[in-house]
Amino acid sequence: MEIWGQHGSDVRLEWGAEGIEALSEDCAVLVIVDVLSFSTTTDLVVGRGGRVLPLAWRDERAAAAAAEAGAVPAGTVPAKEGEWTLRPSSVVTFPAGKLLALPSPNGATLCAAAAKTPVHVLVGCLRNASAIAEKAHELGDGRPVGVIPGGERWGVNLLGGKTFGPLRPCVEDHLGAGAIVAALLRHGRSASAEAKLAATAYRGTDIGVALLECTSGRELTVGGHGGDVALAAEIDVSAHAPTLDKGVLQ
């Protein structure tokens with residue numbers, strides 16, 4: 001298993017739940033990246049002074065966990081008017097001090113998996129890439145940082161439907177991870193081949209165009225949610241680095 005951990009590099013990258021398993025043993029920090037939409041929504045909530053309770057399911061367990069934590073449960077997508085959901089545009093007026101219970105088949109599920117490891121867990125996206133890199137560098141204290149692009153799931157509709165399917169590596173999470181890797185490299189860290197490739201892709205890509213033209217962006221746009229894609233494509237507009245503490249991102 002030594003080869004799967006990308007040993008010898010300060011910054012490492014691997015996809016999904018398997019990536020968490022491969023990198024958590026040696027890394028001090030894991031950064032979960034789910035650009036469309038969990039990570040972006042989380043950044044917006046935390047940026048407004050709120051907190052996020054990531055939930056790996058949307059069923060009676062989610063309702064019970066939200067009630068126990070005193071959290072406001074996120075609604076389903078498509079949302080009712082004025083309801084907070086996984087969509088970034090739904091939380092741009094989220095009130096400070098509130099805790100949002102946010103189910104997601106990708107980002108929140110990976111947060112739950114990473115929480116079972118002995119590492120610091122951050123949630124990053126394009127909006128907060130430099131802030132995340134700064135926090136990861138600080139928490140890492142010289143130890144490796146693992147970046148985990150979540151990917152999408154085949155057969156899982158972003159607007160609702162099944163909650164599980166095989167991993168589909170996706171453009172938006174590769175670019176979001178690349179933005180964070182590129183920012184970490186500015187701290188003088190070395191990177192694995194996987195991490196370098198993501199940083200190279202990020203530096204050489206028109207992010208706004210790529211997010212609109214990729215499969216996930218098209219799916220949201222067709223559903224009338226192009227504004228969510230625009231929010232997710234903003235780069236380094238946030239100074240917040242959502243950090244998982246006792247199961248809550250803040």
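In the predicted model, strand β7 is covered on both of its faces, with V145, V147 and P149 buried on one side and G146 and I148 buried on the other. Because five of the five residues of this strand, which spans residues 145-149, are buried, β7 is largely enclosed by the rest of the structure.

Two strands pair with β7. Strand β1, comprising residues 11-13, pairs with β7 in the parallel sense over three bridges, and within this pairing L13 of β1 stands opposite V147, a residue that is itself buried on one side of β7. Strand β2, formed by residues 29-33, also runs parallel to β7, to which it is joined by five bridges; here V29 is the residue that stands opposite V145 of β7, and V145 is buried on the face that also carries V147 and P149.

A further packing arrangement involves two helices, α6 (residues 171-185) and α7 (residues 193-203), whose axes lie 7 Å apart and form an angle of about 100°. Since angles of 65 to 115 degrees count as roughly perpendicular, α6 and α7 are therefore roughly perpendicular to each other. On the α6 side, the contact is made by H174, L175, G178, A179, V181, A182 and L185, which meet A195, L197, A198, A199, A201, Y202 and R203 of α7. Classified by residue type, this contact between α6 and α7 consists of eleven nonpolar, two polar and one charged residues.

Terms used: Residues are numbered from 1 along each chain as its sequence is written. This is a predicted model: local features need pLDDT of at least 70, side-chain atom pairs count only at pLDDT 80 or more; totals for chains, interfaces and linings use all residues. Side-chain values use heavy atoms; hydrogens and water are left out. Buried means under 20% relative accessible area, exposed over 50%, partly exposed in between (1.4 Å probe, protein chains only). Helices (H or I, at least four residues) and strands (E, at least two) are DSSP runs, numbered from the N terminus. Two strands pair if DSSP finds at least two bridges between them. Axes are lines fitted to C-alpha atoms, for helices over the stretch in contact, and angles run from 0 to 180 degrees between N-to-C directions. Angles under 35 degrees count as roughly parallel, over 145 as roughly antiparallel, 65 to 115 as roughly perpendicular and the rest as oblique. Contact means heavy atoms within 4.5 Å. Ala, Val, Leu, Ile, Met, Phe, Trp, Tyr, Cys and Pro count as nonpolar, Asp, Glu, Lys and Arg as charged, and the others, Gly among them, as polar.
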